[in-house]
Amino acid sequence: MAVDDNRLLLINPYQTYLKSLESEYQSYIPYGLTCIAAIGVKAGFNTVILDCLDDETKTEFADKVRFGKTNEEIKQIIEDFRPDIVGISSTFSMFEPDATEIAALVKSIDKNIIVILGGVTATLPELYIRLLQQSEVYDIMSRGEGEATFSELLKNYDKKTKSIANLVFIKGIAFRKDNSIVQTEERPFITDLDSLPYPALNLLNLDKIFHNKYFSRWRNNPVGKRVMPVFTSRGCPYDCCFCSVHSQSGYHYRTFSTRYVLNFMKQCINDFGVAHFHFEDDNLTLDMDRAKEFFRKLKDLGISWDTPNGVRADKLDEEMIQLMVESGATSISIAAESGNEEVRINIINKNLKTESIIRAAELCDKYNLPCIVFFVVGFPGETMDNIKETVQFAKKLTERYNTINMIFLANPLPGTRLHELAVSSGYIKHQLTNYDYFTAIRANQSSIIQTEEFDKRKIFRLLTQELDNEMFSVHNISQPMFWINSVKANSRAKRVFPRITDAKVKWEWIGE
């Protein structure tokens, strides 16, 4: 039997929201699945991506709403394609029930189809062990970085027996065996990233995705340009207490070569009409010499770009900012986290000086580069005075340097030290659900972390007192974004967020 008779179906599940949260929904390019799809193609599998979110379909239930393809549509696609292996992505814990519902649908069609779950839910033991114990719809959990693991799984697939051999020897997975859970040895992170094939974007219906009315609607996308995420590196050597990235990409900083990245970007430009890129790296400028060389060569592509995840303020200098502007940067984001240096270093564990944040904002202002600054408040150990200091520091940044500031609430995600601390200290007052993790970062919704010093409602009152005035232009109370109400700052904000309106927000608490 020819290898290409083997069939791999990769599914980006639909997403279900409480009706009170449906305005938060946006569709996106399932980039991670295209990376796994490229492995499937390389292994000789007939590979298909089922992106449930490329549809604009919205289905309402009692108190919930679902975005994406219906179960009937998904069932028909599965029955028509007849996959041997189905890989399902669960990138956000809130949407694990959606992934599990689709896995159950797959098994109801053919129990012999091997179902593999990937993403953060499949990586954290406290999540995947529960799933394997409670349900038989998943056969294998692919933990962490998925390409090498998937490659081995596919190579060991036997269509005659409809099974994958040698599971106990395949690193980075978990599965059931004889009523117990087997967790194999951790898989080392990939060091030679250039060995990976380019993401199989051709397996997506990109025309449909780009024209979806929900596509990336809350991101800083330029009007009239097709946008694409891209990574130039993986891994982060820093250890911020709230960050969950290490389970997926590790601490060791690894880079694609400049040639690899530029060639992939040229493919996106020439084959798919992409004109704007989101550099999704956690540390785009960590190696400053490498970053500068990359930006010099990036100029020739004639594209625009931004950094949604943020860069370190202490990994920017004047030459870097100049090169960024010259190579097409429409904005950069920097992660300040706190306005109090002791909180930033001793509580958040972000080794970053206040002077570096101020210098980065100053340089961006000098070169007319919109600068988005991220802040996070509500950490165990913070006081209300600390939180007020952060808000006032953010206000000073925009007053002096026309920054665009965003304030989030600390989210005790599973697998983070913040979660461990909040639980061990008794600061989480009830059993958290998937929806709790989704609302945790939102300022005007139910309180998650409650200490002797604060709860979220008290923080919301502080934000209202500090920002509800004509001096600042404030948007999206759920995740407050604001800037000084000046001609220069308003102009920059419109460049970054061209769809934003001037409507005055209503400071309203919607949590219990």
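1. Let's start with a small sheet in this predicted model: three strands make an open sheet, ordered β2-β5-β4, with antiparallel pairing. The edges are held by β2 (15-18) and β4 (58-60); each has a single partner strand, so one side of each has no neighbour in the sheet. On average, neighbouring strands here are turned by 25° against each other, direction ignored.

2. Have a look at how β2 meets β5 (residues 64-67): four bridges join these antiparallel strands. Within that pairing, Gln15 stands opposite Phe67.

3. Now for the rings. The structure holds 26 aromatic pairs. One of them is Tyr17 with Phe67, an edge-to-face pair at 5.9 Å centre to centre and 85° between the planes. Tyr17 belongs to β2 and Phe67 to β5, so this pair ties together parts that are 50 residues apart in sequence. Tyr17 counts as buried at 3% relative accessibility, and Phe67 counts as buried at 2%.

4. Another pair worth a glance is Phe472 and Phe482: the ring centres are 5.6 Å apart and the planes lie at 85°, so the pair is edge-to-face. Phe472 sits in strand β21 (residues 472-475) and Phe482 in strand β22 (residues 481-484), 10 residues apart. Phe472 is buried at 5% relative accessibility, and Phe482 is buried with a relative accessible area of 0%.

5. Back to Tyr17 and Phe67: ring pairs link these two with Tyr25, Phe92, Phe95, Tyr214 and Phe438 into a cluster. Phe438 also has a charged companion, as Arg442 lies over the face of its ring, 4.1 Å from the ring centre.

6. Finally, Arg312 places its charged end over the ring of Tyr238, at 3.8 Å from the ring's centre.

Note on methods:
Residues numbered from 1 in each chain as written. Predicted model: local features only at pLDDT ≥ 70, side-chain atom pairs only at ≥ 80, totals over all residues. Heavy atoms only, no water. Pairing = 2+ DSSP bridges. Helix = DSSP H or I, 4+ residues; strand = E, 2+ residues; numbered from the N terminus. Axes fitted to C-alpha atoms, helices over the stretch in contact; angles between N-to-C directions. Phe/Tyr/Trp six-rings, centres within 6.5 Å; stacked < 30°, edge-to-face > 60°. Buried < 20%, exposed > 50% of the residue type's maximum accessible area, 1.4 Å probe, protein only. Lys NZ or Arg CZ within 6 Å of the ring centre and 35° of its normal.
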